[in-house]
Amino acid sequence: MSGDGPTLSVCNLETHFFTRDGVAKAVDNVSFDVDKGEIMGLVGESGSGKSVTGFSILGLVDPPGEVVGGQVLFNGHDLVGLDDEQMQKLRGNRIAMIFQDPMMTLNPVLRVDTQMIETVLAHDKSISKNEARQRSRDALGQVGIPSPDERLKAYPHQFSGGMRQRVAIAIALLNKPDLIIADEPTTALDVTIQGQILYEAQKLCRETGTAMIWITHDLAVVAGLVDKICVMYAGRIVEQGAISDVLDNPVHPYTVGLLGSVPGHNTRGERLYQIPGMTPSLLNLPTGCAFQARCPRADEACTAEPNITQPLADRNIRCFHPHLQEAAE
Amino acid sequence: MMTPQNAMLEVKDLTKNFVKRLDMAGKIAQRLGSNIREETVHAVDSVSFTIEKGEVVGLVGESGCGKSTLGRMIAGILPPTAGGISFKGVEFTAMTQEEGEAAALAIQMIFQDPFASLNPRMRVEDIIGEASVIHGMTDLKERSDYVGDMMERVGLGREYIRRYPHQFSGGQRQRIGIARALAVQPEFLVCDEAIAALDVSIQAQVINLFMDLREDLDLTYLFISHDLSVVEHISDRVVIMYLGRIVETAPTDELFDKPNHPYTTALLNEVPRLDQRGIEYEPVSGEIPSPLDPPPGCHFHPRCPHVTDRCTIEVPVLREIAPGRLSACHLNDQ
Ligand SMILES: Nc1ncnc2c1ncn2[C@@H]1O[C@H](COP(=O)(O)OP(=O)(O)OP(=O)(O)O)[C@@H](O)[C@H]1O
Ligand SMILES: Nc1ncnc2c1ncn2[C@@H]1O[C@H](COP(=O)(O)OP(=O)(O)O)[C@@H](O)[C@H]1O
Ligand code: SF4
Ligand code: SF4
Ligand SMILES: [Mg+2]
Ligand SMILES: [Mg+2]
């Protein structure tokens, strides 16, 4: 394992879907780093490419999709092009994914203990089955499941939705992986259970140095949890930076619009800002900036491709007319 | 406090139980001596409240606490097990057939999933216009114009009138659902997680639309949502439910500034907010109980930091603790 570099470094990643109606560039020239112990938020509207980015990192893109370019450096080694067997070894071992639907992780016909012990043993063949059971039990306790000894013997359908998600998370935490990709894991959960899960995620990153990507469309969740944020729109990252910088001083017109449209403590009775229009189809994007049809600042310049620029320290954006005056104030 | 005279809707001791019947395997197991039994869920447990004309009341609570069940009974699409609902002073069960039909039109429900609630084989014109022709709000000759007006009212171009639901985005489909409800000229809308499935930028469009419609058409709302930020934004008053019972109700500002019930406090503590950074999350104390087997006494007692012996035995009644504020907690007796 290489020492000081980021745990994950994604460079110019491109994932395309070759559909009957044309090529959808679901992930288009995406780059970011996640350091040891760091939590990165990946936000955007549905269809903006968040999940496909996660799947691409894990080598889980199926035809008609394909990673057609770029690198995914995990502890310095490129994962793009690894064969299935090598990838499978990494998944559930050094890299784990938590899905929106916990049943993507859980096998409905196997008892929870069978699944958890298998996961532990796959990682560490030197320990006994009893030790593996012990570790599984502790992991269930960690995610707030009461009487973990009994619960180990249950089948997934005997848990409520929120508990099932916590079991899936316990499985992801089992081997203390170097990287966790969490794809909207709390969207279907109540705020109190969400708080519990955020607590476990945060603890893991702090205590074991796990790097984490937290995918969501809920800006309020990432505000409290993450260290840095990438905002995706139509397959591209349009703004990225430290979480406080971006939320306090967004400069990309899409980020500005998105933040303005969130209801909150001070908006009662007021009209919310609304981004006009709707999310474009990836098969039918305008040439140039994909946001131009909805952007109040768009002009002729925007019919060309905006490249990544760094108008402020530690801030990458794709836009010809960012909100820089406002940010300076 | 409001009097029943100006209440648009009054719900009294409303109760809904669902019995989970045993399947074949269960019945056989029972014969063989297993102690497996039919289980009863008290989805809504003796709930009472009123909504005044023109009010927007937010209904909040954890998944499975009975919000949709309550909403569906009010919308007249689910019969209550016990208790009553009055609309403009007349009890549902005491209505003549004519009055019942009028109430059924006056109270419309808007659902969470904008796709599942629209017939995919019907054109928008038929989806929105069908009921209003049957009920005489318009006739076949005028229907296109009438539907076009409804579409414009919710921000959809009337040129889309010949399209099918799948040709619209999620936010647009939710607007079709709203236009369909508006087409029968309702006075009261029950919105059940009506914006939950939408993207943030589209949510803002639909929230603004609900607020405009309230102004323009003088509508009254029961707005069901698990998203406290949205409820705070849109409601005049908030009702908090926990495992089938109302635990607190208060004007929005007061509830968010000074919650009374320990469950409300716990809920507000967990709401993620945009202006928070670097939160130190804390583990939840206690397990979320199952609605099949709610704890005795105060349902919240296994999770409550202020629990006393009394709470584990005696159900706290919902009572007035200040003008316009109700709470169901024994702490208020001290
Ligand atoms: N048809 C039914 N048969 C049996 N139980 C039901 C039925 N409908 C609802 N329930 C139960 O009644 C309780 C309340 O359900 P309801 O749908 O009202 O919850 P909710 O508050 O709307 O939850 P959510 O936030 O998840 O939509 C739950 O325990 C649910 O499982
Ligand atoms: N199997 C597939 N075939 C074709 N297109 C796909 C497939 N999976 C995803 N896409 C497209 O890729 C884009 C990004 O999807 P996704 O990453 O799931 O978005 P989200 O940001 O909501 O997670 C979408 O336009 C979606 O339609
Ligand atoms: S490049 Fe132009 S259209 Fe795109 S976000 Fe910036 S100003 Fe708007
Ligand atoms: S009645 Fe008792 S257990 Fe229930 S909320 Fe009040 S103090 Fe807590
Ligand atoms: Mg997704
Ligand atoms: Mg519901």
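A cavity, as I use the word here, is a set of grid points where a 1.4 Å probe fits but cannot get out, and lining residues have an atom within 4 Å of a point. I worked on a predicted model.

**Entry 1: second largest cavity**

I looked up its volume and got about 70 Å³. Then I listed the lining. From the early part of chain A come Asn29(A), Val30(A) and Ser31(A). Next I noted Ile237(A), Val238(A), Glu239(A) and Gln240(A). Ile308(A), Asn316(A), Ile317(A) and Arg318(A) complete the list.

Which strand gives the largest share of this lining? Strand 10 of chain A does, with 4 residues. I also checked for strands that supply at least two residues each: they are strand 2 (22-34), strand 10 (236-242) and strand 12 (315-318) of chain A. By class I counted 5 nonpolar, 4 polar and 2 charged residues in this lining.

**Entry 2: largest cavity**

I searched the whole structure and found 7 cavities of 30 Å³ or more. The largest has a volume of about 80 Å³. Its lining holds 13 residues, and closest to the centre are Cys289(A), Cys295(A), Cys302(A), Cys319(A) and Phe320(A). The classes here are 9 nonpolar, 3 polar and 1 charged.

**Entry 3: ligand 4**

I turned to chain B. Which residues surround ligand 4? I noted the cysteines Cys298(B), Cys304(B), Cys311(B) and Cys329(B). The histidines are His261(B), His301(B), His306(B) and His330(B). Pro262(B), Pro316(B) and Leu331(B) are also around the ligand. I sorted this shell by class: 7 residues are nonpolar, 4 are polar and none is charged.

Notes
Residues are numbered from 1 along each chain as its sequence is written. Chains are lettered from A and ligands numbered from 1 in the order in which they are written. This is a predicted model: local features need pLDDT of at least 70, side-chain atom pairs count only at pLDDT 80 or more; totals for chains, interfaces and linings use all residues. Side-chain values use heavy atoms; hydrogens and water are left out. A residue is near a molecule or strand if one of its heavy atoms lies within 4 Å of it. Ala, Val, Leu, Ile, Met, Phe, Trp, Tyr, Cys and Pro count as nonpolar, Asp, Glu, Lys and Arg as charged, and the others, Gly among them, as polar. On a 1 Å grid over the protein atoms alone, a cavity is a set of points where a 1.4 Å probe fits but cannot get out, and a pocket is an open set with protein on both sides within 12 Å along at least five of seven lines; lining residues have an atom within 4 Å of a point. Grid points are joined across faces, edges and corners, and a volume is the space filled by probe spheres set on the points.
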